[in-house]
Amino acid sequence: MCRRVLSKCSLNTSRLGAVPTALGSLSRCPTPLWVQTLSLTPSLTLPCPSSMPSPRVLSLSPESRAQRLPLRSPREGAAGRHDASPQPALLGAEQTQGPQPPLQHLHLHLHLPPPALPMPGAGQRHPRPPSWRRSAQARLRLCPPIVGTEAFPGPCCAEPGAAVMAAALRRLLRAGGRRGAALVAAAAACGPGPQTLRLIYTTTAAWKKNVAASGPEKYTEAFIKKQIEEFNLGKRHLANMMGEDPETFTQEDIDRAIAYLFPSGLFDKRARPMMKHPTEIFPEQRKIQWGEDGRPFHFLFYTGKQSYYSLMHDTYEKLLNVQKHQDQLAAQDLPPQKEKKNLVGSRWLTKTELEEMLLEKLSDDDYSRFIQLLQKLVMMPCGNIEENYIKKFSREISAQLQKVVIEPLKYDEQGVAFSTGEGRRKTSRATVAVYDNGTGKITVNGIDVLHYFPVLQDREQLLFPFQFLDRVGKHDMVCTVSGGGRSSQAGAIRLASAKALRSFVTEKEVEFMRQAGLLTVDPRVKERKKPGQEGARRKFTWKKR
Amino acid sequence: MNPALLGVPAPAVPSTKLGAAGDGLLSEPLGHPDFFNVKELFSMKDLFSARVHLGHKKGCRHRFMEPYIFGCRLDQDIIDLDQTMDHLQLALNFTAHIAYRKGIILFVSRNRQFCHLVESTARECGEYAHTRYWQGGLLTNAHIQFGAGVRLPDLIIFLSSLNNVFEPHVAIRDAAKMNIPTVGVVDTNCNPCLITYPIPGNDDSPTAMELYCKLFKMTIIRAKDYRKQREGAVQGRPVHHGDAGPLEVEHPPQWADEKK
């Protein structure tokens, strides 16, 4: 079995990673965090017992090898056989019963680089530390010194001490593992001198990082700087890839290049791959709030929301200024100014905009209180004094109503006035040219209307705009229409002709047309069929059983 | 040691790099009971005209404030201004010492009427203010709320020791928990128990509050100026080290030129 294990385990660095699995599978308790951490530190050094020869290999005594346990525990099935257990000799060593000297030379370095301990020479024994204390729970027993004559090119041959350590770990797990409490033997590593061991009792709960309390991810200045360097370098590489000049590679070029190199069918633009300057990606964050002596920079630091409260303080100060000004005017018997700022075309900052301005999270109450204070400031008779301050917090609303431009009449070669219009209905698209001085002739796609629309209903639709404006026989119409069915094509032509007729008609009549619904695009389209239903609305027949 | 704080850098403490001269710098003011002469900043007449002696009605009286009450007239409690003078002197002296040693001073008042005044006072003397809603863990959970390595205030001054619902301010208890000394103006309806240097006095009149703000501002500025002066003197001293010898105890500077 030992030979099989040997052949399986190759001399690679991953053997250390197998330590926790071996231990974890064999011990009944879950492997605590610190064991895995230990196994990951590649530079575990253990002052091996005195008789460890160099090179640092794990050597076994014949007796210990004879007593070793099978690799897999009775609980495991066939899976255990394939487990590359790196410590077969280790397990054998553990099984030797009998009085064992206490753990002396164990160094378990948690998250710390272990000291460079020289290998003790032969015959040198470290004195037992006087401060060693044993408690009922700390049944730490040293695994027997692994003495052997042959070199054992096992999986841990580069870290022979790891075997000793792992044995001790297993003991620790057995000792206190059930309750989830891990015993950590921390060594005050102070070099080759006498080492003391200290037992610290702790639980995994103490090491868990309180993710919620740490707040949003904080980016250090060094990190952002590095990101900017990487971005600039990447920009040049991208320019080279696209065969363009790196010096004149703008952000639009970058976007185009990324869209070309990484085509994405995703609908949301924000989900597509993008390459932007780090200042646009990483949100701006507040730097450290206090100086070297620990004194915070801002006088409202201890409130927790210094920017917001400072803003409230400043706004209230403006309010007091205005009141003082009012009082002065009243004292001089002058009437207060009544010119009020017109608020119609402006709006206050939204909560998100204010948060971006202050670089601080706000609650809805905070935001509404601030806006109320601003309103109060504006409503005061002499509020105009602080107009500049108020302007910082208001935004103009762009004109939303768009006046529809009615095109003027055009004239063709004969001098006949005509006008064009476009219309749509469902999937039909129509373009129409309405000519003046006509007789009411309508041509659709080169075909006469009577032939194209045999149904009366469709022809009535075409007629409606002219009928509405009392211009039934006065115009000629030439239409082109495509898409949809007969009814939707008729509706498209109707809309197009109504739009074209606007040029012939007064504004009042245009308004009448609009109110009649002649100029509105019919938004109705075919509703999609849903799964689990027969149609858009029709459900499958309900059967009682 | 709190395991949560393992690996967290200790808060920066101003280290005096002045050596032997520095010891004199810090120990010298401790020799006198009123080194900064705060007594001259106020008088009984000032307190009276600022209406500091006016307390609340008899029904609002707090049991522990009875020693500080001079009497009761027409159901209104009158605070004993003799005691107020003594307490005010102690409190101002302590504030001056803290400011001299470059401590962080936090002004707390939950009275909406004087919120702006207190914040302005704090800003003008270079210290800190908190006149807003007190979040629960500001002092006790500071390392998580503000970040690791934050330095807590070394003195908290309560210009009104009650909060908006007329209960003792949470900061009094939290400061006692965190071993932060407190100075507080206690009215007849307040509990003076956990406050290190209570000042029995009115905390509702604008005149009284303006007087307190003015007094605290003056003491803090005075102490800081003196500190700067001494530090400047000490730095200039090595030039004359040979003849100057060990640090002489200077006569406390005259404050008479400062206007009240």
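**Aromatic contacts in the predicted model**

In this predicted model, Tyr389(A) has a relative accessible area of 9% and is therefore buried, as the value falls under 20%. Across all chains, a search of the whole structure turns up 19 aromatic pairs. One of them joins Tyr389(A) to Phe393(A): the ring centres are 5.3 Å apart and the planes stand at 70°, so the pair is edge-to-face, the term for angles over 60 degrees. Phe393(A) is buried too, with a relative accessibility of 2%. Tyr389(A) has a charged neighbour as well, since Lys318(A) lies over the face of its ring, 5.1 Å from the ring centre.

Chain B offers a pair to look at next. Phe36(B) and Tyr226(B) meet edge-to-face, with 6.3 Å from centre to centre and 85° between the planes. Phe36(B) belongs to the loop between helix 1 (20-27) and helix 2 (44-49) of chain B, while Tyr226(B) is part of helix 7 (residues 206-236) of chain B, so this contact ties together parts that lie 190 residues apart in sequence. Phe36(B) is buried at a relative accessible area of 1%, and Tyr226(B) is likewise buried, at 1%.

Chain B also holds a charge placed over a ring: the charged end of Arg227(B) sits above Tyr100(B), 5.4 Å from the centre of the ring.

Finally, aromatic residues from chains A and B come together in one cluster. Trp290(A), Phe301(A) and Tyr302(A) belong to this cluster along with Tyr128(B) and Phe146(B).

Technical notes: Residues are numbered from 1 along each chain as its sequence is written. Chains are lettered from A and ligands numbered from 1 in the order in which they are written. This is a predicted model: local features need pLDDT of at least 70, side-chain atom pairs count only at pLDDT 80 or more; totals for chains, interfaces and linings use all residues. Side-chain values use heavy atoms; hydrogens and water are left out. Rings of Phe, Tyr and Trp (its six-membered ring) pair if their centres lie within 6.5 Å; planes under 30 degrees apart count as stacked, over 60 as edge-to-face and the rest as tilted. Buried means under 20% relative accessible area, exposed over 50%, partly exposed in between (1.4 Å probe, protein chains only). Helices (H or I, at least four residues) and strands (E, at least two) are DSSP runs, numbered from the N terminus. A charge sits over a ring if NZ of Lys or CZ of Arg is within 6 Å of the ring centre and within 35 degrees of the ring normal.
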